[in-house]
Amino acid sequence: MSSEPLDLETRASADDHQALRLWLRLLSCTTRVEDQIRQRLRAEFGTTLPRFDLLAQLERHPDGLTMRELSQRLMVTGGNVTGITDQLEAEGLVVRETRPEDRRSFIVKLTPQGRRQFKRMAATHEGWIVELFAGWTPAQKTEVYALLAQLKTHLKDIP
C-alpha cells in the first residue's frame, strides 16, 4: 500500500478524458500548495490564510477598502470579512474608519503595526512559494505560466 496521501486526482482513471485528468491534477497541486501555506502560516505566525489574504489586499490598497470591496476581492461573504476584520482590529493590525460620504460604511486600513507584521509574513510566504515550486526549472515555470495564461484567456472568452 502506498504512503502517498489520497487527493482529488485519485478520482480519475486512465479511461477518463485527458481534460478531466488534467483538471484533477491542477486541483490536487493547488490544494497541496494551499495546505502547506495554511500549515506554515499557522505554525510560524499563528494566523490563517484568510487573515493573510485580507491583510494582503489592504497592503495593496494603502487608502483602505470598504468591507464590501474586501468581500468581493476575497470572494467571501460579508459576514466572513466582518469576523476576520474584528479579530485583526482587536489585535491592532487594522483600523476601521467611517466614510464621510456614507457614515453607514467603513474603510478598513492597515495600521503601522499591521503593515510591519504583514511585511514579515509576506517575505516569508514568498520564500515558501519559491521552495514549493523549486521542483521546476525556471524554463519549466515560464512554460507552465504561459500555458496557464492561454487557458485563462480561453476561459474568459467562454460565455
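**Salt bridges, pockets and a nonpolar patch**

Let me begin with Glu 91, which counts as partly exposed because its relative accessible area is 39%, a value that falls between the limits of 20% for buried and 50% for exposed. Please keep in mind throughout that what we have on the screen is a predicted model.

What does Glu 91 pair with? Its partner is Arg 51, and in the salt bridge between the two the closest N and O atoms are 2.7 Å apart. Arg 51 belongs to helix 2, whereas Glu 91 sits in the loop between helix 4 and strand 2, which runs from 94 to 99, so this salt bridge ties together parts of the chain that are 40 residues apart in sequence. The two ends are not equally covered, since Arg 51, at a relative accessible area of 8%, is buried, while Glu 91, as I said, is partly exposed.

This pair is one of the six salt bridges that a search of the whole structure finds. Another is formed by Glu 131 and Arg 40, with 2.9 Å between the closest N and O atoms. Here distant parts of the chain are linked, with Glu 131 in helix 5, Arg 40 in helix 1, and their positions 91 residues apart in the sequence. Once again the arginine is buried, with Arg 40 at 19% relative accessible area, and the glutamate is partly exposed, with Glu 131 at 46%. I would add that Arg 40 is called buried because 19% lies under the 20% cut-off.

The third pair I want to show is Arg 96 with Asp 86, whose side chains meet in a salt bridge at 2.2 Å, taken from N to O. Arg 96 lies in strand 2 and Asp 86 in helix 4, so the parts that are joined here are ten residues apart in sequence. Arg 96 has a relative accessibility of 19% and counts as buried, and Asp 86, at 38%, counts as partly exposed. Beyond the pair itself, Asp 86 and Arg 96 are linked with Glu 89 in a network of salt bridges.

Let me turn to the pockets. The largest pocket has a volume of about 1100 Å³, and its lining is made up of 28 residues, with Leu 26, Cys 29, Thr 30, Phe 133 and Leu 148 lying nearest its centre. Two or more lining residues come from each of helix 1 (18-45), helix 2 (49-60), helix 5 (112-132) and helix 6 (138-156). Which of these elements has the largest share of the lining? That is helix 1, with twelve residues. As for the character of the lining, 18 of the residues are nonpolar, four are polar and six are charged.

The second largest pocket has a volume of about 440 Å³. It is lined by 19 residues, and those closest to its centre are Leu 49, Phe 52, Asp 53, Gln 57 and Leu 74. At least two lining residues are supplied by each of helix 1, helix 2, helix 3 (67-74), helix 4 (78-90) and helix 5, and helix 2 gives the most, with seven residues. By class, this lining holds ten nonpolar, three polar and six charged residues.

While we are in this part of the chain, I would point out Met 75, which is found in the loop between helix 3 and helix 4. Its phi is near 55°, a positive value in a residue other than glycine. Is Met 75 buried or exposed? With a relative accessible area of 74%, Met 75 is exposed.

Finally, there is a nonpolar patch on the surface, formed by Leu 20, Leu 22, Trp 23, Leu 26, Leu 148, Leu 151, Leu 155 and Ile 158, which together have about 710 Å² of accessible area. Helix 1 and helix 6 are the elements that give two or more residues to the patch, and helix 1 has the largest share, with four residues. Leu 20, one of the patch members, is placed in helix 1 and, at 37% relative accessibility, counts as partly exposed. Two further members of the patch, Leu 26 and Leu 148, are the ones I named earlier among the residues nearest the centre of the largest pocket.

Terms used. Residues numbered from 1 in each chain as written. Predicted model: local features only at pLDDT ≥ 70, side-chain atom pairs only at ≥ 80, totals over all residues. Heavy atoms only, no water. 1 Å grid on protein atoms, 1.4 Å probe; cavity = no way out; pocket = protein on both sides within 12 Å on 5 of 7 lines; lining within 4 Å. Points joined across faces, edges and corners; volume = space filled by probe spheres on them. Nonpolar A, V, L, I, M, F, W, Y, C, P; charged D, E, K, R; others polar. Patch = residues over 30% accessible without salt bridge, like charges linked within 9 Å, V, L, I, M, F, W, Y side chains within 5 Å. Areas by Shrake-Rupley, 256 points an atom, 1.4 Å probe, with all protein chains shown as cover. Salt bridge = Lys/Arg side-chain N within 4 Å of Asp/Glu carboxyl O. Buried < 20%, exposed > 50% of the residue type's maximum accessible area, 1.4 Å probe, protein only.
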